[in-house]
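Work through the exercises below with the sequence and the model open. Each task is followed by a solution in steps.

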Amino acid sequence: MSESSEYLPDIVYDAAQVGALDTRLIEELGVDEFELMQRAASAAYDELGHVWAMPGQMVVLCGPGNNGADGFLLACLARAGGWRVRVVCLVDPDSYGGAAADAVARWRE
């Protein structure tokens, strides 16, 4: 297993700080919420590629809210990249709303 990417920040933000950053990007800078979720999934998938270069099997655990829905988009990227993917959703997938529901729909496609 290789080291994590060198570009990762030295500081870690808590959930409230990340939520505030997301809100600012969406409300003040006009970033589309679904686009923001896709960027998060893409960054996670890129980081995964640094650790596991070969496609194999993957289980993605998806919790509630947009962070959980990011997992559905990560699963989509992994499946497109040749991984055998299983999603385990810790909440009813039909309980997601807005952009999170769009992520679930993308997975179901």
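**Exercise 1.** Does Ala15 count as buried or exposed, and at what relative accessibility?

*Solution.* The model is predicted, and local features need pLDDT of at least 70, side-chain atom pairs count only at pLDDT 80 or more, while totals for chains, interfaces and linings use all residues. Residues are numbered from 1 along each chain as its sequence is written, and side-chain values use heavy atoms, with hydrogens and water left out.

Step 1: apply the cut-offs, where buried means under 20% relative accessible area, exposed over 50%, and partly exposed in between (1.4 Å probe, protein chains only). Step 2: Ala15 has 69% relative accessibility and therefore counts as exposed. Step 3: place Ala15 in helix α1; helices (H or I, at least four residues) and strands (E, at least two) are DSSP runs numbered from the N terminus. Step 4: the C-alpha atoms of Ala15 and Gly65 are 12 Å apart, with these positions 50 residues apart along the chain.

**Exercise 2.** Classify Gly68 and Leu61 by relative accessible area and locate each in its element.

*Solution.* Step 1: Gly68 belongs to helix α3, and a relative accessible area of 6% makes Gly68 buried. Step 2: with neighbours within four places in sequence set aside, Gly68 is in contact (heavy atoms within 4.5 Å) with Cys62, Gly63 and Tyr96. Step 3: Gly68 and Cys89 are 21 residues apart along the chain, and their C-alpha atoms are separated by 8.1 Å. Step 4: Leu61 is in strand β1 and is exposed, at 57%. Step 5: between the C-alpha atoms of Leu61 and Asp46, 15 residues apart along the chain, the separation is 18 Å.

**Exercise 3.** Compare the lengths of α2 and α3 with the expected spans, and list their buried residues.

*Solution.* Step 1: the expected span of a helix is 1.5 Å times one less than its number of residues. Step 2: α2 has 19 residues, and its first and last C-alpha atoms are 28 Å apart, close to the expected 27 Å. Step 3: the 16 residues of α3 should span 22 Å, and the end C-alpha atoms of α3 are 24 Å apart, which agrees.

Step 4: in α2, Phe34, Leu36, Met37, Ala41, Tyr45, Glu47 and Leu48 are buried; they pack against α1 (15-28), β1, α3 and α4. Step 5: the buried residues in α3 are Gly68, Ala69, Asp70, Gly71, Phe72, Leu73, Leu74, Ala75, Cys76 and Ala78, and their cover includes α2, β1, β2 and α4. Step 6: just after α3, Gly82 has a positive phi of about 100°.

**Exercise 4.** Which residues touch the most other members of the largest nonpolar core?

*Solution.* Step 1: such a core is a set of buried Ala, Val, Leu, Ile, Met, Phe, Trp, Tyr and Cys residues joined through side-chain atoms within 4.5 Å. Step 2: the largest one holds 24 residues, and Phe72, Val85 and Val87 touch the most other members. Step 3: at least two core residues come from each of α2 (33-51), β1 (57-62), α3 (65-80), β2 (84-89) and α4 (98-108). Step 4: α3 gives the largest share, seven residues. Step 5: apart from its neighbours within four places in sequence, Val87 contacts Val60, Cys62, Phe72, Ala75 and Trp107.

**Exercise 5.** Describe how α3 packs with α4, and how α2 packs with each of them.

*Solution.* Step 1: axes are lines fitted to C-alpha atoms, for helices over the stretch in contact, and angles run from 0 to 180 degrees between N-to-C directions. Angles under 35 degrees count as roughly parallel, over 145 as roughly antiparallel, 65 to 115 as roughly perpendicular and the rest as oblique.

Step 2: the axes of α3 and α4 come within 8 Å and cross at roughly 25°. The two helices are therefore roughly parallel. Contact residues include Phe72 and Cys76 of α3, and Val104 and Trp107 of α4.

Step 3: for α2 and α3, the axes come within 8 Å and cross at roughly 60°. α2 and α3 are therefore oblique. Among the residues in contact are Met37 and Tyr45 of α2, and Leu73 and Leu77 of α3.

Step 4: α2 and α4 pack at about 55°, with axes 9 Å apart. α2 and α4 are therefore also oblique to each other. Here Glu33, Phe34, Met37 and Gln38 of α2 meet Ala99, Ala100, Asp102, Ala103 and Arg106 of α4.
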